[in-house]
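Reader: I'm new to reading structures. Could you show me how the labels follow from the numbers?

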Amino acid sequence: MKAFGLIERTLEPGCHEIQVEGELDLAVAERLQEAIDRARAEHDRVLIGLQACEFIDSTGIAVIVQAHGQMADAGGRLSVYGATSQVHRILEITGLTQDGLVFANADEARTASK
Amino acid sequence: MDWYLDASDSSAVTLLRRELRDYLGRHADRDSDVDGAEVAFSELVTNAVRHAPGPAWVHLDWSDRQPLVEVHDLGPGFELRPSLPDDPFATGGRGLFIASNLTDELKVASKTAGGSKVTAKLPVSRAVERSHDPPRSLTPSLPTPAEVDAEGSFGKESFLVALVVEMARSAEAQEGPDAVEALVAQVGANIGGRMEEEYRRARDLVDDLEPDQIADLYVRLKAAINGDFYVIEANAERIVLGNRACPFGEAVKQAPGLCRMTSSVFGGIAARNAGGASVMLEERIAVGDPECRVVIRLSGADGEETELGHSYAGPVQPGDPAT
C-alpha cells in the first residue's frame, strides 16, 4: 500500500497532469481538490492519472466530478485516465465512464481534451 | 467487533477501512469481493461521519457466512434512495448508491432515541473449513494417569510429550509408518541444524567438527532434553553411542517412529562435518531393548556404503555435478 501523494507536471502550455498515488478517500480528498484548483487557475486542461491510485470512493469521485463541471463551464476540460480495474469498477458503477470523463490512457485523454 | 469513530478525525475512517480490509482478507474465501466490501464499508462510515453530528459507532458481526456491518450515528436520519443523481456530474449523492450496489440488504432505520442505523451484508464469505470429528482412539492415550495432579490437570511437559507422541501415532495410523519417519526426519533435520549452529556459536567454531567434538555435541544436546547418552567409541570411521534414557520417556514405546528424530539429528550433524554419514539404530528402548545403541558411520575417507543404516548426504561442494 502506497502512501497518498500527488505528482504533478505540466505537459505542455495549458495542460497540467496530476498523478494520484495511494488511496483517495475522505482523509485526503481535500488535497486533490486543492491541487486541481491550483491547476485549473493556470491551465485550461487538467489530466488526472489514476495508474497508482489504489482506492477510490464517492469522496474522491465528488472532487473529480465537481472540478470536471467547473472546468467545462469555464470552457476547459478535466479528464481522468489509467484507472486500475478496481478503481475503474467504481467509476463504472457511478456511470462516469460514458461521458467523456474517463479514458484508458494519457494519450487518449490528451487527444480528447484538445 | 466494535469501533467508535470521532467524526472530527477523517483519518480514522481510513484506518478503520484498512483494518476491515485486512480482517476480511484473512478470513474470506477466494470468491469474495474484498475490494468491493472495502469501498462499500468506506461509503457507509464516511456517510455517518460527514452527515451526522457527533461520533459514530461501527459494529461488525461475522458469525454467519457473510459479515453484517452496522453503522450507528446521531444524525437526523435519512431516506435511502438507491439511485444515482439525475445529473451524472452532480457533485454528491453517490456514496449510498455505491454501497447499495456492492452490498446485499442495505437498510436504513431511524432509532427511536434519535440517530440512525445503516446495516448491510458485505459481499464476502467466510472460508469454509472442513469438519474433522474423529472418534477417540480406543487404545490408552497420553498423558498417563501417573502424570495427573490432585486437581485433575497435567503440566506443560506432559502435554507437550502427549502432543508429539499422539501426533506421531495418529499420523502413523492415517498415513503409515514410513510417512511418520519422513516427517520426523524433516523435523530432526531442522532442529538438529539449529543445535549445531548454537553449539558452534557458543564455542566460536567455524571448521568441520572432529569426531570427538561431534560426539560431545550429541551427548550434550541429548542431556539437555533428559536423554542419558554416553560415548562408546569416537574415531574417524565411526561414532558409537549408548543411551540409558529416552527424552520422550516411556511414551516413546507408543510411537517408535520418533527414534528417527535421533537418527536425523545425529546423521545431519555428522554428514555436514564429515562429508556424509549413515546412522544405524542398532538397539532401541522404543521397541523393547534395555538401552539404545546408535552407530554413526562417517563417510568421507573410505566412503564405505551400507544399506542397513539411514544415509545422510554431505554438503554440496562447489564443482559437484548438479543434482
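Reader: What makes Glu8(A) and Arg38(A) a salt bridge?

Author: Happy to help! A salt bridge is a side-chain nitrogen of Lys or Arg within 4 Å of a carboxyl oxygen of Asp or Glu. The side chains of Glu8(A) and Arg38(A) meet at 3.7 Å, N to O, so the pair fits that definition. Glu8(A) sits in strand 1 of chain A and Arg38(A) in helix 1 of chain A, so parts 30 residues apart in sequence are tied together. Helices (H or I, at least four residues) and strands (E, at least two) are DSSP runs, numbered from the N terminus.

Author: A quick note: this is a predicted model, where local features need pLDDT of at least 70 and side-chain atom pairs count only at pLDDT 80 or more, while totals for chains, interfaces and linings use all residues. Residues are numbered from 1 along each chain, chains are lettered from A, and side-chain values use heavy atoms, without hydrogens and water.

Reader: Why is Glu8(A) called partly exposed?

Author: Buried means under 20% relative accessible area, exposed over 50%, and partly exposed in between (1.4 Å probe, protein chains only). Glu8(A) has 32%, so the middle label applies.

Reader: How do you know that Arg21(B) is buried?

Author: Its relative accessible area is 19%, and the cut-off for buried is under 20%. Arg21(B) forms a salt bridge with Glu23(A), with the closest N and O atoms 2.9 Å apart. Glu23(A) is buried too, at 4%.

Reader: And what makes Asp212(B) exposed?

Author: Asp212(B), found in helix 6 of chain B, has 51% relative accessibility and therefore counts as exposed.
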